[in-house]
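Here's a quick briefing for anyone meeting this structure for the first time. Have a look at it before reading on.

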Amino acid sequence: MTTHQPTRLGRLIAETRQEVGLSRRALADKAGVSASVVDYIEIGRTTEPTPQVLKRIGEALGLPINELHKLAGYRTDSTLPELGIYLRARHPELPAEAISEARHYVDFLKARYGVSGTGPAPGEDEA
């Protein structure tokens, strides 16, 4: 039998769940995931749950999604490069004018869709 060690993510979810008085099954029902998913995260059997699962559990427990993503090892807004830096690194052949156009287009899209800030809107980065 393999034993698993709870991760910081699993401990945070378990402690918060207990503080709000939910059983694993009740959390699973509230989050719309299976009880085994909650169990596996809490005991450390699953160390990188999907972003969608983290979002659902975070919402059910009132935990910040960025914190859950960070504990699961996913990149968060604060670790992503600015668009111009990314484009210069990924496509060094692009002229400065193209990078400027890309920034302006992103600003246009953010205004068009009512997105503020630099990170994804809730749920838009999950598949």
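What follows covers the overall fold, the core, and a few contacts.

This is a predicted model, where local features need pLDDT of at least 70, side-chain atom pairs count only at pLDDT 80 or more, and totals for chains, interfaces and linings use all residues. Residues are numbered from 1 along each chain as its sequence is written, and side-chain values use heavy atoms, with hydrogens and water left out.

**Overall fold**
- You'll find seven helices and zero strands in the chain (helices are DSSP runs of H or I, at least four residues, and strands are runs of E, at least two, numbered from the N terminus).
- Of the 127 residues in the chain, 26% are buried (under 20% relative accessible area, with a 1.4 Å probe and protein chains only).

**The core**
- The largest nonpolar core (buried Ala, Val, Leu, Ile, Met, Phe, Trp, Tyr and Cys residues joined through side-chain atoms within 4.5 Å) has 17 residues, and Leu 9, Ile 13, Leu 27 and Ile 57 have the most contacts inside it.
- Two or more residues each come from α1 (8-19), α2 (24-31), α3 (35-43), α4 (51-61) and α5 (65-72), with the largest share, five residues, from α4.

**Contacts**
- Leaving out residues up to four places away in sequence, Leu 27 touches Ile 13, Arg 17, Leu 22, Val 38, Ile 57, Ala 60 and Leu 61 (contact means heavy atoms within 4.5 Å).
- Where α1 meets α5, Arg 8, Leu 9, Leu 12 and Ile 13 face Leu 68, Leu 71 and Ala 72.

Technical notes
Buried means under 20% relative accessible area, exposed over 50%, partly exposed in between (1.4 Å probe, protein chains only).
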